[in-house]
Amino acid sequence: MQVPIWKEGEYLFASLLTGLSDVEFLHFYDNLIHQVTVHKPKGVIVDASYVDILDSYATRMLNEMAVGVKKEGGMIVVIGLRSDVFSAMNQLGLNLKIESVPTVKEALTKLNHQYDDTMKSNG
Amino acid sequence: MKGEKVQHQGVADVVSLRVTSEKDIIKARECARQVAFKIGFDSKDRTLIATAVSEICRNVIEHAERGEIMIESLQDDPCGIRIIVRDDGLGIENIDRAMRDGFSSGDGMGFGLPGTKRIMDKFKISSERGKGTEVIMAKWLQ
Ligand SMILES: Nc1ncnc2c1ncn2[C@@H]1O[C@H](COP(=O)(O)OP(=O)(O)OP(=O)(O)O)[C@@H](O)[C@H]1O
Ligand SMILES: [Mg+2]
């Protein structure tokens, strides 16, 4: 299973699938960083509504993606993360270092704010 | 450690799977989720149980290469799920240290063992250097 990534306007979208293997996660990571380098989007929106587990591996991968995307001047926002999945991850002691909001609309608001701030601070 | 099928008292059903590749981690956690569903755990608990299975099986693949998992439905006194994960890897030198938040002998975040203990009702780990590791964990149906 390959994680679909597509471009819409100035944003990249991706939709995580249920039961992604470690290798598939790694492919997604590489592909996303590649797409971000090519398209230089204002932001990346990752739909996590099909994710039924965030274990230490998946959490680490997402956190590393956030760092990789940031290096290219972008930001990731996760949408639709199930509350039971988020809470199990937290109870494990893990920390998702990515903003998580319920909907695309809120994600876009976040990304636009962040983008404007960066533009301002860069003069 | 060999996987013999021993039917304990009060165990209604046992599923056992080999854990030899990262894909088996996904199979094991899906299987645990299904068993937990049949027992009657709600979706929050099913996710906790599946997350615990993911972490412990991941440790087998990362730190011991191969092992096996047994998932048991417990009938009455108390009713719940018991999960046994065994491997015949190198074992853990210092269990107290391994159980500490943030300790990893590799490049992990070191929350797998202590975190799993937090999310299960019962958690017991035993290990013998050179022989392998066994984790027995359980969650009771409230
Ligand atoms: N099955 C095992 N066989 C041998 N050593 C193990 C096993 N499970 C855990 N360990 C040891 O215990 C340490 C702590 O395990 P734990 O799962 O808490 O962290 P981790 O696997 O290193 O990182 P993370 O789980 O956060 O990715 C490991 O680094 C490893 O040294
Ligand atoms: Mg681990």
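**Exercise 1. In what pattern do helices and strands follow each other along the sequence of chain B?**

Before we start, note that this is a predicted model, in which local features need pLDDT of at least 70 and side-chain atom pairs count only at pLDDT 80 or more, while totals for chains, interfaces and linings use all residues. Residues are numbered from 1 along each chain as its sequence is written, chains are lettered from A and ligands numbered from 1 in the order in which they are written, and side-chain values use heavy atoms, leaving out hydrogens and water.

*Step 1.* Find the elements: helices (H or I, at least four residues) and strands (E, at least two) are DSSP runs, numbered from the N terminus. Chain B has 4 helices and 5 strands.

*Step 2.* Read them in order, and chain B gives β-α-α-β-β-α-α-β-β.

**Exercise 2. Work out how ligand 1 is placed between the chains**.

*Step 1.* Collect the residues that are near, meaning that one of their heavy atoms lies within 4 Å of the ligand. There are 19 around ligand 1, and those that come nearest are Asn59(B), His63(B), Ser104(B), Ser105(B) and Gly110(B).

*Step 2.* Check the chain letters: residues from chains A and B surround ligand 1, so the site is shared between chains.

*Step 3.* Sort the shell by class. Ala, Val, Leu, Ile, Met, Phe, Trp, Tyr, Cys and Pro count as nonpolar, Asp, Glu, Lys and Arg as charged, and the others, Gly among them, as polar. The shell of ligand 1 then holds 7 nonpolar, 10 polar and 2 charged residues.

**Exercise 3. List polar contacts of ligand 1, then say how much of the ligand the protein covers**.

*Step 1.* Look for pairs of N or O atoms within 3.5 Å. On the side-chain side, a ligand nitrogen is 2.9 Å from an N or O atom of Asp87(B), and a ligand oxygen is 2.6 Å from an N or O atom of Ser104(B).

*Step 2.* Turn to the backbone, where a polar atom of Met109(B) is 3.2 Å from an oxygen atom of ligand 1.

*Step 3.* Use accessible area (Shrake-Rupley method, 1.4 Å probe). On its own, ligand 1 has 600 Å², and the protein covers 94% of this.

*Step 4.* Name the elements that give two or more residues to the shell: they are α2 (43-64) and α4 (112-119) of chain B.

**Exercise 4. Describe the overall extent of the C-alpha atoms in each chain**.

*Step 1.* Taken along the principal axes, the C-alpha atoms of chain B fill a box of roughly 40 × 30 × 25 Å.

*Step 2.* For chain A, the C-alpha trace spans about 40 × 25 × 20 Å along its principal axes.

Terms used: Polar contact = N/O pair within 3.5 Å; in protein donor to acceptor, adjacent residues only side chain to side chain.
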